[in-house]
Amino acid sequence: MSDSKAERVAGPKVTGESEVAEICRDLIRIDTSNYGDGSGPGERKAAEYVAEQLAEFGLEPQIFESAKGRASTVVRIEGEDRSRPGLLIHGHTDVVPANAADWTYDPFAGEIADGCVWGRGAVDMKDMDAMTLAVVRDRLRTGRKPPRDLVLAFVADEEAGGTYGARYLVDKHPGLFEGVTEAIGEVGGFSFTVNDQVRLYLVETAEKGMHWMRLTVEGRAGHGSMENDDNAITELCEAVARLGRHKFPLRITKTVRAFLDELSDALGVELDPENMDETLRVLGGIAKMIGTTLRNTAQPTMLGAGYKVNVIPGQATAHVDGRFLPGYEEEFLADLDRVLGPRVKRESLHSDKAIETGFDGALVEAMQLALKAEDPIARAVPYCLSGGTDAKSFQDLGIRCFGFAPLQLPPDLDFAGMFHGVDERVPVDGLKFGVRVLDRFIDAC
Ligand SMILES: [Zn+2]
């Protein structure tokens, strides 16, 4: 019987699984909205909360403040074999803003309802922060050392490019990551149930790069009543429309190739990379995520010109969000210029590199083993993220980065839609599953 006298006196045993939802809820209740202009509340309170959770079991976490309120917490946990290279587990503590009026529950209340923790950051990525804390606390509580050094980094500012978080730590305090060769973080490790024999867990091994661009066309200014064969708006709009409709060529990268190989093996069917429409149909809910990693993309997002209805302006501008695949940056820029034509001046306002690592090695084995032990129909597969994460900064230190924040999800949950979405939420069972997998993963890492 579980209702023994000893248990009544001691209370229920606290474990990583038993406290992970609470930690996730606590983190969600700390508003860390990142508006990208420094006007938000910052991450200081979250950094302090994380530090307390770690200090409770004797660790000595350090808090680094890159600018007022922009704080990150880092700690190193000694492993059994200190001669082995370290493993970094990183998560960001900031979130994108949320408009409470749109939500079922207040996005910063951390409501636990219908088997889920609700709130901004529930999947991006206070879930992984909470799982990491719960696992590490449990290991410290029960005196289980990791096989090698672990560095934990809970960082600020990922949602605005990481300048005050990961980028700052990598540039100003690289010594924190001394000897670290591999890392896990977002966005990967979540499940996609194909059928009752196969559940894929998508591990991120690559990220697209980006160019945020301004396009400018100079024309001949003049009176709106006059004929003008050099109207900047007309010229720019034609170029923008061409670009918006342009379909960049299909490019199967190493990661997408490996994804397709794994998928066709899991399904026991041939998947023709040339016929991706068919493949994407099989993928249902995650087709959007995979589809956008088959080619470069450039989406016009802003237009600007003119100041009065009867004045033809001398200049028109547009902004474009461009994303390129690992290995295809040059081709992307050449394609852009060809499509835009000679009249358009193109400037890159902000760019970031693409990254890619192989889906191989002992760490990938450890992921497979840990997943399989908790879910017999699990199969980890690599994929390319269409966006960017802090992995781009950590990769500058020569660290191999994987998106592995293990979560088992109900088949009908629109997980991709949760990121930055309304009613962002994470199943409590998914968090508990993640705790068990991460714990096994650390044992095997
Ligand atoms: Zn994120």
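Begin by selecting Glu158, Arg323, Gly387, Gly388 and Thr389 in this predicted model, because these are the residues that lie nearest the centre of the largest pocket, whose lining is made up of 40 residues. The volume of this largest pocket comes to about 1,200 Å³. To see which parts of the chain surround the space, colour strand 10 (209-218), helix 9 (287-291), strand 15 (345-352), strand 17 (378-385), helix 12 (391-395) and helix 13 (415-418), each of which supplies at least two residues of the lining of the largest pocket. If you then colour that lining by class, you will find 13 nonpolar, 14 polar and 13 charged residues.

Move next to the second largest pocket, which has a volume of about 240 Å³. Selecting Lys247, Phe248, Gly291, Arg295 and Thr297 takes you to the residues that lie nearest its centre, out of a lining of 16 residues. Here the elements to highlight are helix 6 (232-245), helix 8 (276-282) and strand 12 (297-305), which give two or more residues each to the lining of the second largest pocket. By class, the lining of the second largest pocket divides into 7 nonpolar, 6 polar and 3 charged residues.

Now select the zinc ion and show the side chains of His92, Asp124 and Glu186, which coordinate the zinc ion through NE2 of His92, OD of Asp124 and two OE contacts from Glu186, at 1.8 to 2.8 Å. The angles among the 4 donor atoms run from 50 to 154°, and the site of the zinc ion is irregular. Along the chain, the donors of the zinc ion follow the spacing H-x31-D-x61-E. Histidine 92 lies in strand 3 (residues 86-92), while glutamate 186 lies in the loop between strand 7 (180-185) and strand 8 (190-195), so this pair ties together parts that are 94 residues apart in sequence. Are these two residues buried or exposed? Histidine 92 counts as buried because its relative accessibility is 1%, and glutamate 186 is buried as well, with a relative accessible area of 7%.

Keep Glu186 selected and turn to the enclosed spaces, for a search of the whole structure finds 2 cavities of 30 Å³ or more. The largest cavity holds about 80 Å³ of space, and Glu186 is part of its lining together with Val123, Met125, Asp127, Met128, Val187, Gly188, Phe190, Ala405, Leu407, Phe415 and Phe419. That lining divides into 9 nonpolar, 1 polar and 2 charged residues.

The second largest cavity has a volume of about 30 Å³, and Glu186 also belongs to its lining, where you can add His90, Gly185, Glu204, Glu207, Thr389, Ala391, Cys401, Phe402 and Gly403 to the selection. Strand 9 (198-207) and strand 18 (400-403) each supply at least two residues of this lining, and strand 18 gives the most, with 3 residues. The classes in the lining of the second largest cavity are 3 nonpolar, 4 polar and 3 charged residues.

For the last stop, select residues 205-333, which an unreviewed UniProt entry annotates as "domain: Peptidase M20 dimerisation". Over residues 205-333 the chain is 35% helix and 28% strand, and a distance drawn between the end C-alpha atoms comes to 24 Å.

Notes: Residues are numbered from 1 along each chain as its sequence is written. This is a predicted model: local features need pLDDT of at least 70, side-chain atom pairs count only at pLDDT 80 or more; totals for chains, interfaces and linings use all residues. Side-chain values use heavy atoms; hydrogens and water are left out. Donors are N, O and S atoms within 2.8 Å of the metal (3.2 Å for Na, K and Ca); water is not among the atoms, so sites may look incomplete. Four donors count as tetrahedral if all angles lie between 85 and 135 degrees; four count as square planar and six as octahedral if opposite donors are over 155 degrees apart and all others between 65 and 115; anything else is irregular. Helices (H or I, at least four residues) and strands (E, at least two) are DSSP runs, numbered from the N terminus. Buried means under 20% relative accessible area, exposed over 50%, partly exposed in between (1.4 Å probe, protein chains only). On a 1 Å grid over the protein atoms alone, a cavity is a set of points where a 1.4 Å probe fits but cannot get out, and a pocket is an open set with protein on both sides within 12 Å along at least five of seven lines; lining residues have an atom within 4 Å of a point. Grid points are joined across faces, edges and corners, and a volume is the space filled by probe spheres set on the points. Ala, Val, Leu, Ile, Met, Phe, Trp, Tyr, Cys and Pro count as nonpolar, Asp, Glu, Lys and Arg as charged, and the others, Gly among them, as polar. UniProt positions are given in the numbering used here, feature names are shortened, and annotations may be inferred rather than shown by experiment.
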